[in-house]
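Me: I'm new to reading protein models. Could you walk me through a few features, one at a time?

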Amino acid sequence: MNREPLRPVLYDDARDVVRLLDQKRLPAEEAWLELETADQVAAAIKDLTVRGAPAIGVAAAYGLAVEARRGAGEARLRAASETLIHARPTAVNLAWAVRRMGRLLGRGAAALLAEAHAIRDEDEAACRRIGALGAPLVPPRARVLTHCNAGALATAGYGTALGVVRAAVEAGNPISVFADETRPFLQGARLTAWELHRDGIPVTILTDGMAGWLMQRGEIGCVVVGADRIAANGDVANKIGTYALAVLAAHHGLPFYVAAPWSTVDLHTPTGAAIPIEERGGDEVVMLAGQRIAPAGVPARYPAFDVTPAALVTAVITDRGVVRAPFDAGLRALA
């Protein structure tokens, strides 16, 4: 891992813009967008230019800071905050970051920018702490299965699930990764594979239907995923397909780890049943790389997330500590 750390959300002080690595154009092209308003940031969050629960929280914070620096008053900033919060409903980090910024709306642009920097820096530090706590849980020479992208691209830097992977490699554990392609948006094939390959960590892409067979053959040592929201009882909302992996891991006796910063834990949501699940347009399922892959007129559904019951989770790895069942008591203790 000899490359510069990957950080997908930046603030350009010279130009006073939010810079986002356009994740829709990866891996073919590394293109950066320069955004000048909170509405532009909200649109980028909604259309998945930037994605991953911690990363969209950081982007939203910078969106409000830039808006303030360009002269927006408190009323405009509060309206922009509502637009940002509703850009994607499932990831609690987004609302958490916007509400944190909201406490400073009357204190001026400098205070808002300082808070956005703090949110960004704290998230990367949290990811590195998650990695340090999670690395010892990864079996020696394991082949680690992950789903979607919970890496540097989904955070301020370093990653949650992939932070565990990176930390294990940095500690001398020669692990490799199986990355589910993660239909329909292919975050695993396009993003996880891209950033691991970039860092020299061995990665092999799987289709979403292959995991069970490879588990049966003894080719997977553990599963490590990220999260978009963790309820007070330990239920976990993550990219659609995660629940199926947890069921498979339980059947085959494999550890199923969830890695997420404390900002992803939502103690105000009692169980996974109360987590709002974003349903995106069916066109994202039937279109692939701009081409329709299903018959015209046939509908499709795309719930973007599912909920994995706490009973299927081996441990939740947060920057405050590792929690095992009973999760309700463990999470409250960390709070």
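**Rings, charges and pockets**

Reply: Sure, and keep in mind that this is a predicted model. Start with Lys239, which lies over the face of Phe305, at 4.7 Å from the ring centre.

Me: Which ring does the charged end of Arg190 sit over?

Reply: That would be Phe185, with the charged end 4.7 Å from the ring's centre.

Me: How many aromatic pairs are there?

Reply: The count comes to one aromatic pair. Planes under 30 degrees apart count as stacked. Tyr11 and Tyr62 have ring centres 5.9 Å apart and planes at 10°, so this pair is stacked. Tyr11 belongs to strand β1 and Tyr62 to helix α2, so the pair ties together parts 51 residues apart in sequence.

Me: Is Tyr62 buried or exposed?

Reply: Under 20% relative accessible area means buried. Tyr62, at 2% relative accessibility, counts as buried, and Tyr11 is buried too, at 14%.

Me: Now pockets. How do I find them, and what lines the largest pocket?

Reply: The idea is that rolling a probe the size of a water molecule over the atoms shows where empty space is left. Here the largest pocket holds about 300 Å³ of space. It is lined by 14 residues, and the closest to its centre are Pro184, Phe185, Met287, Leu288 and Ala289. By class, the lining has seven nonpolar, one polar and six charged residues.

Me: And which residues line the second largest pocket?

Reply: Among them are Trp96, Trp262, His268 and Arg320. That pocket has about 230 Å³ of space, and α4 and β11 each supply at least two residues of its lining.

Key. Residues numbered from 1 in each chain as written. Predicted model: local features only at pLDDT ≥ 70, side-chain atom pairs only at ≥ 80, totals over all residues. Heavy atoms only, no water. Phe/Tyr/Trp six-rings, centres within 6.5 Å; stacked < 30°, edge-to-face > 60°. Helix = DSSP H or I, 4+ residues; strand = E, 2+ residues; numbered from the N terminus. Buried < 20%, exposed > 50% of the residue type's maximum accessible area, 1.4 Å probe, protein only. Lys NZ or Arg CZ within 6 Å of the ring centre and 35° of its normal. 1 Å grid on protein atoms, 1.4 Å probe; cavity = no way out; pocket = protein on both sides within 12 Å on 5 of 7 lines; lining within 4 Å. Points joined across faces, edges and corners; volume = space filled by probe spheres on them. Nonpolar A, V, L, I, M, F, W, Y, C, P; charged D, E, K, R; others polar.
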